Amino acid sequence: MAISLIKGQTIDLRKNDGGTEYDLSQVTIGLGWDVRKKDVGFFAKLFGAEDEDEYDLDAIAFLLDANGKVVNTGRKTPTSNGRSISYYGGDVVFFNSMEHPSGHIWLTGDNRTGAGEGDDEQIIVKLNDLGQQYQKIVFVVAIYMGKAHRQHFGMVDNAFIRAVDKKGREIAKFSLSGDSTYNGMRSMIFAEVYRKDDSWKFRAIGEPHGTDNFVDLLKKHT
């Protein structure tokens with residue numbers, strides 16, 4: 001049975017207290033959220049103003065060494081439109097660099113509304129195959145252009161992060177609901193996975209930040 005975590009709680013991913021052993025050869029870190037519905041009047045509904053806003057929440061993973069640092073921050077690479085992408089091909093997995101060079105961790109895609117049931121974004125990790133140089137993975141969620149669009153986590157309901165093993169069994173889930181304490185907060189260090197005693201631990205963090213740019217959080221690990 002999956003464990004519902006509270007902020008700050010840590011569990012062993014490989015084996016729970018009930019003796020269930022999980023297959024960590026491929027773990028899905030699923031993230032989900034719902035955009036809080038607006039209260040609108042009859043005429044607003046008549047003219048379509050009740051449509052959900054587009055919230056582009058991005059999942060990001062930082063792969064850290066034993067010193068808590070991202071060793072390889074990637075490179076700057078040109079794009080077809082004449083611009084360039086930073087942090088490409090390094091130890092940061094995000095929307096512009098969706099697969100880690102090792103092939104053992106990747107981002108599956110992008111959901112811009114949070115509509116529907118289940119995970120809105122997923123990061124897949126082959127924990128058993130991940131090199132020993134990686135001791136911790138930090139999972140971040142940021143609202144893309146949240147400041148410009150005046151969006152923040154106080155407007156988001158039912159945000160969660162969960163870990164599911166290769167066999168589809170949910171190991172643990174950590175849920176947050178937006179309230180006034182998250183007003184003005186546009187990014188969050190949601191959780192982390194780290195090595196401990198020949199196993200992997202999962203820790204629920206839920207640490208909000210005002211910036212909507214994950215690079216501001218990355219700087220603390222470089």
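These legends accompany several close-up views of a predicted model.

**View 1. Histidine 100 and its surroundings.** Let's start in a loop: histidine 100 belongs to the stretch that joins β7 (92–93) to β8 (105–107). With a relative accessibility of 3%, histidine 100 counts as buried, because the cut-off for that class is under 20%. Leaving aside residues up to four places away in sequence, histidine 100 is in contact with Leu63, Gly90, Asp91, Val93, Ile105 and Tyr134.

**View 2. Strand β11 beside strand β3.** Here you can follow β3 (residues 27–35) alongside β11 (residues 156–164), an antiparallel pair with 7 bridges. To find your place in this pairing, look for threonine 28, which stands opposite valine 164 of β11. As you trace the strands, keep in mind that side chains in a regular strand alternate between the two faces of the sheet.

**View 3. The hairpin of β11 and β12.** Strand β11 also pairs with β12 (residues 170–176), again in the antiparallel sense, over 6 bridges. A handy landmark is isoleucine 161, whose bridge partner in β12 is phenylalanine 174. Between the strands of this hairpin lie 5 residues, and glycine 168 takes a positive phi near 85°.

**View 4. A nonpolar patch on the surface.** Phe95, Tyr144 and Met145 together make a nonpolar surface patch of about 260 Å². For one of these residues, methionine 145, the setting is the loop that runs between β10 (136–143) and β11. Methionine 145 has a relative accessibility of 37% and so counts as partly exposed.

**View 5. Aspartate 119 meets arginine 162.** The structure holds 6 salt bridges, and this view shows the one in which the side chains of aspartate 119 and arginine 162 come together at 2.9 Å, N to O. Aspartate 119 sits in the loop between β8 and β9 (121–125) while arginine 162 sits in strand β11, so their salt bridge ties together parts that are 43 residues apart in sequence. Which of the terms buried or partly exposed fits aspartate 119? Aspartate 119 is buried, at a relative accessible area of 18%. Its partner arginine 162, at 21%, is partly exposed. These two residues also belong to a network of salt bridges that links Asp119, Arg162 and Glu170.

**View 6. Glutamate 192 and lysine 136.** Now over to strand β13: glutamate 192 forms a salt bridge with lysine 136, and their closest N and O atoms are 3.6 Å apart. Since glutamate 192 lies in β13 (residues 187–196) and lysine 136 in β10, the pair ties together parts that are 56 residues apart in sequence. Glutamate 192 counts as buried, its relative accessibility being 7%. Lysine 136, for its part, has a relative accessibility of 25% and counts as partly exposed.

**View 7. Glutamate 192 and arginine 203.** Stay with glutamate 192 for a last look, because the buried side of this pair is again that residue, at 7% relative accessibility. Which residue forms a salt bridge with glutamate 192 with the closest N and O atoms 3.0 Å apart? That residue is arginine 203. The salt bridge links distant parts of the chain, with arginine 203 in strand β14 (residues 199–209) and glutamate 192 in strand β13, 11 residues apart. Arginine 203 counts as partly exposed, with a relative accessibility of 29%.

How values were computed. Residues numbered from 1 in each chain as written. Predicted model: local features only at pLDDT ≥ 70, side-chain atom pairs only at ≥ 80, totals over all residues. Heavy atoms only, no water. Helix = DSSP H or I, 4+ residues; strand = E, 2+ residues; numbered from the N terminus. Buried < 20%, exposed > 50% of the residue type's maximum accessible area, 1.4 Å probe, protein only. Contact = heavy atoms within 4.5 Å. Pairing = 2+ DSSP bridges. Patch = residues over 30% accessible without salt bridge, like charges linked within 9 Å, V, L, I, M, F, W, Y side chains within 5 Å. Areas by Shrake-Rupley, 256 points an atom, 1.4 Å probe, with all protein chains shown as cover. Salt bridge = Lys/Arg side-chain N within 4 Å of Asp/Glu carboxyl O.
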